Amino acid sequence: MITNQSIPLYRDGRHYDALNSDLLADIPFYVEEARRAAALNAPYRRERGKVGHQVLELACGTGRLTIPIAQSGVDITGLDLSPSMLAHARTKAEQAGVEISFVEGDCRAFELRRRFALIFMAFNSMQHLHDHASLTNLFSSVRKHLSPGGQFIFDVFNPKISILARSPEERRPEREYEDPEGKGTIVLEHTIHYDDASQVSRIKWYFSRRGPNGLEPDFRVEDLHMRCFFPQELDLLVRSQGFEIVDKFGNFERKPFASGEPKQLVVSRLRK
Ligand SMILES: C[S@@+](CC[C@H](N)C(=O)[O-])C[C@H]1O[C@@H](n2cnc3c(N)ncnc32)[C@H](O)[C@@H]1O
């Protein structure tokens, strides 16, 4: 069942951005793909009198990728479930002086009444969809919004057995970042409980704060449930949804996917 409920971890875009401030490796890849799609799409747009947007990012969050893509001159729309992430994205886009259409919606059920040369879903966002019905709905929505020859690109992590096998009791440091509210340093830790029936990693994030008055432990605890996609299963899923895999990379430098690679970065298009 589709419920329009955003994930609590994504209720504050400022924390999301502070937490992910060093996440830069995927930006050149997605900018390049967006520019390529926009260039290929130019004749189609001319023919139709410039209808529709060129690129759509699903689960765009705070615009971490949407904004640099717009800055590179590409016409882009971002869709996300979380109103607060989108509000932060809009503020940042305005500050950056770029025009982006940000839409609140669920990637499993949206209707934008236009088609895109490229649809992408970055930074493991597809792993928020846990069951087959959700995935089928996602692919079906993507199909409806792709222009002829358009591509669907997404990245998810390559599940690492040693991480999934960890004891749920084992609390590990994640990272530290400056509290965007100016109250000190946030110390983030996590535990993982992998459910091998659903293939969902139940991650718990523990936020503590080190401020002028010492440590404020676990002032916030959030759940993040991430579906794992095993490599062969993922390829089958994509093909079963009427897509063909054009490329599968293991990182954002376009290294072909192989054993031990951290990512599964899939470039796909509708099968003819
Ligand atoms: C890991 S963040 C990625 C954000 C952004 N793409 C980035 O790379 O920084 C995942 C995003 O997925 C969004 N999300 C989760 N489930 C969604 C759904 N069913 N439809 C649309 N967005 C969803 C969350 O609100 C969150 O902003």
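In this predicted model, the protein chain exposes about 13,200 Å², and carbon and sulfur atoms supply 51% of that area. Of its 272 residues, 50% count as buried. The charged side chains of the protein chain number 37 positive and 37 negative, with the centres of the two sets lying 6 Å apart.

Turning to the overall fold, the protein chain contains 7 helices and 11 strands. Its radius of gyration is 19 Å, close to the 19 Å given by the globule rule for 272 residues, so the chain is as compact as a globular protein of that length. The C-alpha trace spans about 65 × 45 × 35 Å along its principal axes. Contacts across the sequence add to this picture: among those between residues at least 6 apart in sequence, 65% join residues at least 24 apart.

Helix α7 offers a pleasant closer look. This helix covers residues 231–240, and its buried residues are L234, D235, L237 and V238. Viewed down the axis of α7, these buried residues fall within an arc of 160 degrees, so they line one face of the helix. The cover over the buried residues of α7 includes two elements that lie earlier in the numbering, α5 (132–145) and β5 (146–157), together with β10 (243–249) and β11 (263–270). On the face turned away from the buried side, α7 carries the exposed residues Q232 and L236. After α7 comes G242, which has a positive phi, near 90 degrees.

Definitions and conventions
Residues are numbered from 1 along each chain as its sequence is written. This is a predicted model: local features need pLDDT of at least 70, side-chain atom pairs count only at pLDDT 80 or more; totals for chains, interfaces and linings use all residues. Side-chain values use heavy atoms; hydrogens and water are left out. Helices (H or I, at least four residues) and strands (E, at least two) are DSSP runs, numbered from the N terminus. The radius of gyration is taken over C-alpha atoms; the globule rule is 2.2 Å times the number of residues to the power 0.38. Buried means under 20% relative accessible area, exposed over 50%, partly exposed in between (1.4 Å probe, protein chains only). Contact means heavy atoms within 4.5 Å. Accessible areas come from the Shrake-Rupley method with a 1.4 Å probe; for residues, only the protein chains shown count as cover. Lys and Arg count as positive and Asp and Glu as negative; His and the chain ends are not counted. The place of a charge is taken as NZ of Lys, CZ of Arg, CG of Asp or CD of Glu. The arc is that of the directions from the helix axis to the C-beta atoms.
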